[in-house]
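Trainee: I should like to go through this structure by asking what stands behind each term used for it. May we set each value against its cut-off?

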Amino acid sequence: MILTTSLSAINSPTFSPPARSGTVHTLPSVERFALLIDKSKTIHRLLQTHAALLRHGFHDHPILNFKLQRSYASLGRLDYSVSLFRRTQNPNVFFWTSIIHGHAQSGLRDQALWYYTQMLGEGVEPNCFTFSAILKICPLGPGKLLHCQAIKFGFDSDLYVRTGLVDVYARAGDVGSAQQLFDTMPERSLVSLTAMLTCYAKYGKIEEARALFDGMVNRDVVCWNVMIDGYTQHGMVNEALLLFRKMLAARVKPNEVTLISVLSSCGQLGALESGRWLHGFIENNGIRLNVHVGTALIDMYCKCGSVEDARLVFDKINNKDVVVWNSMIVGYAMHGFGEDALQLFDELSRIGYKPTDITFIGVLSACAYSGLVSEGREIFNSMKEVYKIEPKIEHYGCMVNLLSRAGHLLEAYELVKNMKIDPDPVLWGTLLGACKLHRNITLGEEIAEFLVSRNLANSGTYILLSNIYAAAGNWEGVAKVRTLMKDSGIQKEPGCSSIEVKNKVHEFLASDKRHPKSKRIYTMLEEMNGWLKAHGYTPKTDIVLHDLGERQKEQSLEVHSEKLAIAFGLISTQPGTTIKIVKNLRVCQDCHAVTKLISKITGRKIIMRDRNRFHHFENGSCSCGDYW
């Protein structure tokens with residue numbers, strides 16, 4: 001009954017089957033051929049059915065041609081579908097919708113819009129399925145025109161058409177228009193709810209997204225993925241992990257997309273224990289270690305401080321693409337393992353893979369963090385000369401970082417001034433940071449004045465200049481810059497350190513006393529200070545960027561967030577356990593020196609990830625070689 005109804009709707013002129021002659025044979029019916037076409041799941045089977053259809057004289061039957069046209073498109077032979085369409089005389093709206101849908105499904109937006117325009121030119125009016133098909137791939141400009149046409153033809157209130165319109169505005173970031181259409185929908189499907197949820201999550205309306213998510217009666221895995229990824233992409237990684245746990249509690253089975261998003265959250269947070277649990281979940285649930293999952297695992301392990309685990313995953317991935325190689329090279333770079341990164345880069349080139357711009361960002365970063373100046377220069381020059389890759393702003397940033405950290409400030413400055421592309425604030429910040437590191441006030445002032453005069457200065461510019469003055473004891477200059485910052489409403493980002501213990505992440509600010517174990521933490525801090533004094537350690541008070549007395553400077557150093565996190569780690573984990581800490585800013589010189597000594601005194605390995613890189617502290621030394 002359903003088949004008959006749909007066929008009669010498609011059928012146009014009356015069709016007479018071929019006349020029989022001679023011996024009476026039972027010919028296959030239209031319904032029989034229609035069923036065979038619907039059951040053809042491979043292109044080979046469909047071609048066989050098509051051939052049989054032609055042998056029995058049904059080559060001009062509109063119902064069968066429509067089904068063939070649609071099936072060829074769905075099986076990836078859009079060219080056959082187009083050929084059939086062009087041979088159809090006076091195609092009705094179903095034929096036009098089918099050919100539009102076929103091009104839309106293949107991502108051929110311009111061709112789909114062309115067929116829609118041709119259909120109107122032939123005097124054929126679209127139906128709700130036509131709009132639903134074409135809106136899926138429509139950008140905002142044509143989408144607005146189609147919206148007008150949907151109103152004109154009376155389909156704007158149709159559930160599928162309205163859902164398509166919401167999706168058009170949502171994909172373009174027109175949150176207001178998408179929300180207005182969504183709010184006035186008389187009925188909402190799971191697809192329309194997901195479209196609006198995606199819009200909110202993608203464009204930072206996280207509270208609205210969560211409210212919509214919580215109000216959904218039925219939530220499939222896609223809805224959970226959208227909400228989890230929304231949290232992850234906007235830095236709300238704790239919320240992402242909590243929602244993932246709720247997903248498991250609701251017995252919704254995660255898929256590959258879920259796991260990639262949650263692994264990203266673990267990496268951002270430095271939550272190694274949670275990341276390892278996820279890795280076990282992947283292995284125990286038969287999820288294939290393809291390049292996407294493998295790359296996410298490598299990235300997570302590297303960001304959580306376990307480059308050894310990352311390498312184990314890397315070695316297990318079959319049919320690696322260049323993205324997998326890049327993730328491992330970048331991982332080595334962030335840990336300061338320059339030689340390992342260069343070795344992997346050489347291996348990549350030797351086996352025939354072509355490095356990408358991301359590959360060069362990774363290997364140049366590795367050179368910068370390891371002080372490999374000559375190697376970095378050679379690789380940077382090879383980008384254009386050997387691999388025909390034009391350096392981007394990120395590659396220049398790596399070179400500026402490499403040169404300026406190594407003390408080649410003027411060379412780095414000249415490189416910036418002679419770039420073919422405009423330097424960005426990050427690049428200038430790198431150069432200013434090096435001026436502070438090497439206490440070059442003259443060049444720092446020159447760069448800052450250059451940025452201010454051209455309205456290129458941002459909050460980082462003022463903060464770095466203030467730090468340069470403070471490091472040189474120029475408190476008058478500090479006061480002047482801080483007054484400018486205050487007048488401009490610029491605030492310095494507070495330092496924050498986090499540590500994961502028993503699958504829970506604990507965060508600390510400087511002088512923080514909010515933690516439930518605050519008393520025990522500060523008792524351990526006093527004990528640590530005693531160890532340091534017994535070993536003859538002298539606090540590096542020269543880095544305190546405030547005009548304070550010596551004892552006040554010492555006290556301010558003692559309660560830095562890194563030290564609070566280390567103290568908590570010492571009281572919360574078993575002796576000999578590795579302590580892993582994540583810091584949102586660059587670790588200061590005093591905390592770096594203290595952590596080296598604490599690792600020797602306690603016999604603990606301490607891994608710290610700061611804004612720039614990883615530091616592996618063990619037995620009184622750091623993997624960075626005091627070069628960071």
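Mentor: The discussion below moves from the whole protein to single residues. Please keep in mind that this is a predicted model.

Trainee: What makes the protein differ from a compact globule of 628 residues?

Mentor: The comparison rests on the radius of gyration. A compact globule of 628 residues would have a value near 25 Å, but the protein has 32 Å. The box filled by the C-alpha atoms, taken along the principal axes, is roughly 115 × 55 × 55 Å.

Trainee: How many helices and strands does the protein have?

Mentor: There are 33 helices and six strands. As to how the chain meets itself, contacts with a separation of 6 or more were considered, and 62% of them join residues 24 or more positions apart.

Trainee: What share of the residues counts as buried, and what supplies the exposed area?

Mentor: Of the 628 residues, 49% count as buried. The protein exposes about 30,900 Å², and carbon and sulfur atoms supply 52% of that area. As for charge, the mean positions of the 70 positive and 62 negative charges are 5 Å apart.

Trainee: Let us turn to helix α6. Why is W96 called buried?

Mentor: The relative accessibility of W96 is 7%, and buried means under 20%. W96 therefore counts as buried. The residue lies in helix α6, which covers residues 93-105.

Trainee: Which residues are in contact with W96, leaving aside its neighbours within four places in sequence?

Mentor: They are F85, P91, Y115, Q118, M119, E122 and V124. In the case of P91, its backbone oxygen lies 3.3 Å from a polar atom of the W96 side chain.

Trainee: What makes the approach of W96 to P91 a polar contact?

Mentor: The distance is 3.3 Å, and the cut-off for a pair of N or O atoms is 3.5 Å. A further relation concerns L120: W96 and L120 are 24 residues apart in sequence, with their C-alpha atoms 9.9 Å apart in space.

Trainee: I100 is found in helix α6. Is I100 buried or exposed?

Mentor: Its relative accessibility is 0%, and the limit for buried is under 20%, so I100 counts as buried. Not counting residues up to four places away in sequence, I100 touches A112, Y115, Y116, T130 and I134. The C-alpha atoms of I100 and N326, which are 226 residues apart along the chain, are separated by 39 Å.

Trainee: Why does D309 count as buried?

Mentor: The relative accessible area of D309 is 19%. Buried means under 20%, so D309 is buried. D309 belongs to helix α19, residues 307-316.

Trainee: What joins the side chains of D309 and R276?

Mentor: A polar contact of 2.6 Å joins them. Beyond its neighbours within four places in sequence, D309 is in contact with R276 and Y301.

Trainee: How do you know that S572 is buried?

Mentor: S572 has 17% relative accessibility, to be set against the limit of under 20%; S572 therefore counts as buried. The residue lies in helix α32, residues 561-572. Its side chain reaches the backbone oxygen of F568 at 2.8 Å.

Trainee: Why is N319 called exposed?

Mentor: N319 has 72% relative accessibility, and exposed means over 50%, so the term applies. N319 is found in the loop between α19 and α20.

Trainee: What is notable about phi of N319?

Mentor: Phi of N319 is near 50 degrees, a positive value in a residue other than glycine. Most residues other than glycine have a negative phi. S511 also has a positive phi, near 65 degrees, and its place is in the loop between β2 and α30.

Trainee: Why are S511 and R551 called partly exposed?

Mentor: S511 has 43% relative accessibility and R551 has 41%. Partly exposed lies between the limits of 20% and 50%, so the term holds for S511 and for R551. R551 is in helix α31, residues 550-558.

Trainee: Where does R551 stand in relation to I100?

Mentor: R551 and I100 are 451 residues apart in sequence, and their C-alpha atoms are 76 Å apart in space.

Note on methods: Residues numbered from 1 in each chain as written. Predicted model: local features only at pLDDT ≥ 70, side-chain atom pairs only at ≥ 80, totals over all residues. Heavy atoms only, no water. Helix = DSSP H or I, 4+ residues; strand = E, 2+ residues; numbered from the N terminus. Rg over C-alpha atoms; globule rule 2.2 N^0.38 Å. Buried < 20%, exposed > 50% of the residue type's maximum accessible area, 1.4 Å probe, protein only. Contact = heavy atoms within 4.5 Å. Areas by Shrake-Rupley, 256 points an atom, 1.4 Å probe, with all protein chains shown as cover. Lys, Arg positive; Asp, Glu negative; His and termini not counted. Charge placed at Lys NZ, Arg CZ, Asp CG, Glu CD. Polar contact = N/O pair within 3.5 Å; in protein donor to acceptor, adjacent residues only side chain to side chain.
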